[in-house]
Each structure stands twice: as C-alpha cells, then as structure tokens.
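Dear colleague,

I am handing over the structure that follows, together with an account of what was found in it. Please have it open while you read the notes below.

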Amino acid sequence: MSEFDLAVMKPETMKSYIWLQTADGSIQQVEQEVAMFCPMICQEVIQKGVGSSKNHAISLPQRVNPAMFSLILDYCRFHQLPGRSNKELKTYDERFIRMDTKRLCELTSAADSLQLKPLVDLTSRALARIIEGKTPEEIREIFHLPDDLTEEEKLEPLKNTMDDPRIRLLNRLYAKKRKELKERERLKDVEVEEHVDERSVDDLLSFINGRDPKVVKMSKGKKKKKKKKDLKIVSSNDIHEKESHDLHSKQQCVEETGSSVPNLPSAEDDNSMPKAGSEDEDIDDEIDPAMREMLDREVEDFAQRLNSNWVRSLGQERRPVHFSINGNGTTRRRTGPSP
Amino acid sequence: MDPPNSKRPCHAPSVTSSIEFPCSLPTAPGFNQSNIDMTISSFLSLSDLPLFSSPLSMGCSFDRVLDKVIPSAVGTSHDEFKQDRFLDHTLQLASLLYKSTERCIRKRATLQNSISWPLLPELTIKVFSMLDTKSLIQASACCTMFNKCATDRVCYSHIDLTTAAKHVDNGVVCIMIHRAGKELRSLKLGSISPSAGYISLLTRSCLAPLTFNHGFAGGHLRSLHLYYLRSMDVESLSTVLSACLNLTDLKIVGFVPLEQLELLTRNCRLIKHLFIEIYSSAGRITDSSLLKFVDNCANLISLSLLCFLLNDTIAQKLVRGFRQLKYINLSRSLEISGCFLRGLGLSCKDSPLETLILRNCYNLEEREVLLFLNSLLAGDFKSIRLIDVSNRQGLVCDGDSRTSEPRFPIEELKKQRPNVTFVAVFEPQPSLLSSSSGEVYSDGTSSW
C-alpha cells in the first residue's frame, strides 16, 4: 500500500468507509484506515476498486467469521494509530490474545486469510506457548484432538511415511552408479577419500531406540530423503544395537529390514563396500510388473540424465549432481502419472 | 424364530471356516465376498433389534451358541480337536473384529479432525516451528495430523536436544538432522548441567550426519553448541567442523583438551562467537597454532576460553589479533597476571572491545588491574562497557599475599567513564562451575 495511493485516495474520501461482507452475508462498513491495515483488503480496494459502496462490498474469505472479524478490527484499530509506543502495543497484544484456544485458532486462521502478518505471528506464538511443555494427552485435551495414532505410531513419532516406490528405484540406481564409480576409481588408482564415515539414509534410519515410550524412537527405512548422492558404509559390529533392532523388527517393513544390516554409530571402518546388491534383490520382489515397467522407464530417464552429469563430474572434484529428492515433497515436481 | 437368529446357527460354523484367512478369497464353493459382507453386516446390526439391544441379552445369546460346542458326553479326541479349533477360530474372529473396529474408529477420527481443525497445515507448521524440539516431539505424538505437520523441515531448524539428554543417541541426532535438511540452523547437543552419573549415549561420530552429502547439512548450520560429550575427540570434531563452513557460533563445554584451536577453526572462517570451556586445566595453545587461529578467524566478535593455560603473551596476541573482538572472557586462566593489559593500552586506543572478563584468574594481580583502570581514566579503550575481575580468592598483591579489598579508583571511574560497569566481587561464592548457564550473545555480550 504505497503513500502515493493513499494520497490519491485522500482528497476524494475524507472520513470514508469501506464496505465489507463477511462469510454469513452480513455487510458492514468500517473506517478506511482501520480496514486498510489488512493487506488483503487493501489489495482488493486498490486493484479491483471494490468496497466503496454497499452493492460492491468486498467479500471476505470464508475463514473469517463475524466474531473473529470484529476482533481483528479491534486489533487493527489499535495498531494503525501511529502514535503508540512499543510498550503500549506489547501490553495490548498480551491482553488481546487472552482467549480460549479454539477462538485463538480461529483467529489465527482468519488473520492468515486476511494476510495480517503481525497478528498471525502473535497468535501463532501464543499457540506455541500453549503447546510448549505439555504431554500429548494434555495437548489432545486442550485442542480436542482425537487419539488416532496406533500404539506403534505413538512410540515412533519420528517416523516418516513417505514410501514412494519411485524413490526406492532411484536409490537403487544411485547405488548402481556409485558402484560403477567406485570401480572406475579403483581402476584409475585414484586415492579414495579417507575417513568416509557416510551412511545411506536408510541404514541410519534403521536405528531404533529401545527405551521407554516417551523417548523419541525411530523406525527404519520408510523415509527416503536423498539430497545428493550418498555413499553406503559397512555395518558396524554393534551387537547391542542388533538386539534392539530385532525386538522391533516386526514393526518395520520387512524388505528394509532384510536388506540393510543394522549399523550404527561409531563405524570405525573406512571401507565403504556398498550393499547395493542385496538391497536390490529384496526390493525387487514387491513391485508388480505393470508398475515396474512404468517405473523402469522413468528410471531410465533419470539414468540418462545422471550419466551425462556423472561423466562430467568424474574428471573434476567429484561433486555429483544435486538431485534434491526430498521426502517432504520436492518429488512432486517430477511426478508424472502418480499411482 | 427370528430370521437373523435362524441364519446365525447354521452360518456360524461355515462362516468361521471360510474366514480363517480373512484377507484371501474364500475357498468354500457357494460363498463369495458379498455374501460374507452381508452376513457380517447383518450380524453387526443385530444390536439394533430391540430384543438384542442390551449387552446382557447378546451375551446370553453368545453363550447359548457356544455352549452347544461343549459336549454332554465325552467324545472322541477328534471331536475335541474340532471343538478346540472352533473355539480358537471364534476367538480369532473376535479379535479381528475388535481390531477392525478400532481401525475404523481411528480413520473416522482422523477424517473428522482434518475437517474440524481450523488451521491450515502451513499455519500448523508455523506454530510448530516456534516450538522447542522436545515439545515438538510431544505434539507429534498427539494425532496423525500433528504427526504429519511435525515432519516438515522448518520445524527442525533449531534443534535443541539438551533437554532430553538422557535419551538422545546417535540415531536421534541423525534423524533430526536429516529432517531439517536445508533449514538446519542451530544444533545443541549434550547435557548442560550433567548430573553425577550422567553418561552420554552419543559417541564420537554422532555429528557425522553433518558431513554427509559433502557436508550438505553442515553447510547450512550456523550455530553449534556441544555440552559434555566426553566421547568426542579432536579428530572427529574437526572433521565435522570442516563441513560446517558457515558456522558463526561455536560453543564447546566440558570435553576435549583443545590444544588445536587452529585445527578446529581452520574451515570455519566466518565464525563470530567462540566459547570453549574445558573441565580441567589442560589446554595450552602453541604459538604457531595461535597465529593461524588468529588468521583464520578474522571475523571473531566474541571469544571465551575458560580454564585454558593461557599466559599473558598469548592473551595479548589474542586481544590484539582479532580486530573486531568485542567480548573476551578468559576466566580461570591460571597463568594470567594481567600484564597483558598494559601492552594493550597503546595499540588499542580505538579497540572495539566492550567486555573484558577475567574471573577467577588465580594469578591476576591487583597492580595490573589498577594500571588498567588508570589507562581507562586516561581515555583508552573508548568502547569498553563491562570489566569483571571477580575472584573467590582475591587478587594477588605485593608478592605472595592476596587481597580481597583492593584499592581501585572506582569513584573516579564512575565520574569519568559513567557507562563502564566494573565488577569485582571477592567473597567466596557458591559454585560457579556451571558456567555454561549463561547463554545467548547479543552485540557480543553474554550473561555469564
């Protein structure tokens, strides 16, 4: 909202009002300065020119119900006055957010749809303060959340359930490429990096903490986050970990369990013999042929792209292509026909 | 007889036999899936009938049917075997029904929750990103929606695992780092005030995930605080730090005798705040590594080296060498007498130094502090704001004696340099050992 726009509007509209229509259909008029504090209303007025009369009222987004809207107007009314000190604003804010959690959530939602960032920050922080330091039962009670996690899921709150078969195949491809690269390196007699203590994401995520339920636990291998290529390492001989792993193996996907041996912290070995072979075989069994064809085609595509990049990178410092396959959704960009 | 009732007795045995493996197709001829579904739904709707609406009457009906299995006379072992199988199947059915109903309840709850929850996922994630790590995990165990939102990268931007130090091990650290991805900004590990029996579950390679993918996560990390990780050694630490190229804030408390400051900071050129405290006086910096250290970290604003074997030459080189140094804390350095402060006066008229802390330096001399204060009165060190020379055992004065009441020109100092705070507390105080309770840096000063 630029100064120029305000200046242009001022001479024509002295103490003017903007007409707004809430989701339930009721129309009300609000002082211009107050309403303009909300970026969304501002945009509507300037870009579309609505709001100047009752017939052309700006219709507010659905998430803004009348009660919330009056709260927001109070907030805007207080904050848009220029002469307020920081302390005043702070005390007002603290009193303002004292309401029950349900209304607080609705207020956050309404403020977000009106793009009123300072209010969104304020309410989000208030919600965060409510959640802080509470047990799950307490949080469920406060927000009236259903208890819809299975016992296993509760014990493994860090489990990531992205289990896209494409990602698995891509990982297989990476593993093959890594093997090839290693072969070439060995043939060329290039010095391999020492102290390679890198593990594949799967191997690491196979770690499970077998202590009390409150503890953070992880599960194996459902998560396939690969940002760049990874080198696999040899499993360490940590018997203790193997035991705890076995205890929880029923909770896991059998294939992942079968393929990578649980390795764990303190891998002192520097040799990285990739276990790609065994992983390949185990994974093969589960994908049905039709799907596999389609996936194979995609994989070939990637392989070609990878090939060209790998060849380039061989001669240089071995910085491979940055393929951001991220469990949180960057793969959505690439997905074609999703299964 | 009621139709449902008449259906049940004759269907019950065949239903059990064909639903031995509920997920596969029935093997008995004449039964297809829809028949079974109909049977099941009519069984489940039995409770709607007025005659059977109370659990008591349903219970009685169940009893009546199952009692038919119990023979009046002793039969053959084959009969017994069949009865056993029948009862086992009934149990199995009952538990399958129970589990299925639970699943259904959960699914329905999830659906209702996703409709009634007022915040968009982005907003929920935004709230979660304001939570500390422990609360985040607690929240993620509440319901499936929270669980999903808690996996977003932004929530793991500042990972603080010091509050749950007893349960944290390498796997947890690894998962958190991977979850954070490119949003990782700060990481705190270890236990801030370890209890007597505290044994960390973290091993020396616990920070290895920072080096994966050519230091992908490490490269985003800005702040790293490590407390009492006794299994960590210099090599593993320096490997990790070599991946953290953008690190601006490093704090290491309670482990690793750090003679090789240079090694540690070789790659972290951007470092601004360095705090190292070791639990026993055992760290002597060599000259060459000191030079390299000063060279490498030209951006250093705040330096704290507690419990090191520093002498005045080294202290002087440190204060002179870092051009932008605003905060220096060399507490508990055994060999510092304070004469390095003399040497600074001439070359550091305009030094940006704002805070000088020399608490509990056993050999700190009263004379040197006096000279330093006089130089302040003369106009040196224009930016200084806080000087702290508190010492539980007093300052050295005139040879071997110690004084707890040194004669400092405090009044004059207050008059001439009103914005300077001079702290000199000499009573024996309760343990100052947990020095790492003071935390955050702002403008180079820290509440210690």
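Accessible areas here come from the Shrake-Rupley method with a 1.4 Å probe, and for residues only the protein chains shown count as cover. On that basis chain B exposes about 21,700 Å², of which carbon and sulfur atoms supply 58%. Please keep in mind throughout that this is a predicted model, and that the values below are computed from it.

To continue with chain B as a whole, its secondary structure comes to 16 helices and 14 strands, and 48% of its 448 residues count as buried. Where contacts in chain B have a separation of 6 or more, residues 24 or more positions apart account for 75% of them.

For chain A, the corresponding description is of 339 residues, 49% of which count as buried, with 15 helices and three strands in the chain. The area that chain A exposes is about 17,900 Å², and carbon and sulfur atoms supply 50% of that area. Among contacts in chain A between residues at least 6 apart in sequence, those that join residues at least 24 apart make up 69%.

One element of chain B deserves a description of its own, namely helix 8. This helix covers residues 170-180, and because eleven of its eleven residues are buried, it is largely enclosed by the rest of the structure. The buried residues include B:Asn170, B:His178 and B:Arg179, as well as B:Val172, B:Val173, B:Ile175 and B:Ile177. Just after helix 8 of chain B comes B:Gly181, which takes a positive phi of about 60°.

Positive phi values also turn up at residues that are not glycine, and two of these may be worth a look. A:His144 has a positive phi of about 55° although it is not a glycine, and this residue lies in the loop between helix 8 (136-143) and helix 9 (151-155) of chain A. With a relative accessibility of 64%, A:His144 counts as exposed, since the cut-off for that class is over 50%. In chain B, B:Arg332 likewise is not a glycine and has a positive phi of about 55°, and its position is in the loop between strand 7 (327-329) and helix 14 (340-347) of that chain. B:Arg332, however, counts as buried, because its relative accessibility is 15% and buried means under 20%.

On the surface of chain B there are two patches to point out. In one of them, B:Asp79, B:Glu80, B:Asp84 and B:Asp88 gather as a patch of negative charge. B:Asp79 has its place in helix 4 (residues 77-116) of chain B, and at 32% relative accessibility it counts as partly exposed. The other patch is nonpolar, has an area of about 230 Å², and is made by B:Ile40, B:Leu44 and B:Leu97. Of these residues, B:Leu44 lies in helix 2 (residues 33-44) of chain B and, at 45% relative accessibility, counts as partly exposed.

Finally, B:Leu291 lies in helix 12 (residues 287-296) of chain B, where its relative accessibility of 55% makes it count as exposed. Although B:Leu291 and B:Glu262 are 29 residues apart along the chain, their C-alpha atoms are separated by 8.3 Å.

With kind regards

Technical notes
Residues are numbered from 1 along each chain as its sequence is written. Chains are lettered from A and ligands numbered from 1 in the order in which they are written. This is a predicted model: local features need pLDDT of at least 70, side-chain atom pairs count only at pLDDT 80 or more; totals for chains, interfaces and linings use all residues. Side-chain values use heavy atoms; hydrogens and water are left out. Buried means under 20% relative accessible area, exposed over 50%, partly exposed in between (1.4 Å probe, protein chains only). Helices (H or I, at least four residues) and strands (E, at least two) are DSSP runs, numbered from the N terminus. Contact means heavy atoms within 4.5 Å. Patches are made of residues with over 30% relative accessible area and no salt bridge: like charges are joined within 9 Å, nonpolar side chains (Val, Leu, Ile, Met, Phe, Trp, Tyr) within 5 Å. A salt bridge is a side-chain nitrogen of Lys or Arg within 4 Å of a carboxyl oxygen of Asp or Glu. Lys and Arg count as positive and Asp and Glu as negative; His and the chain ends are not counted. The place of a charge is taken as NZ of Lys, CZ of Arg, CG of Asp or CD of Glu.
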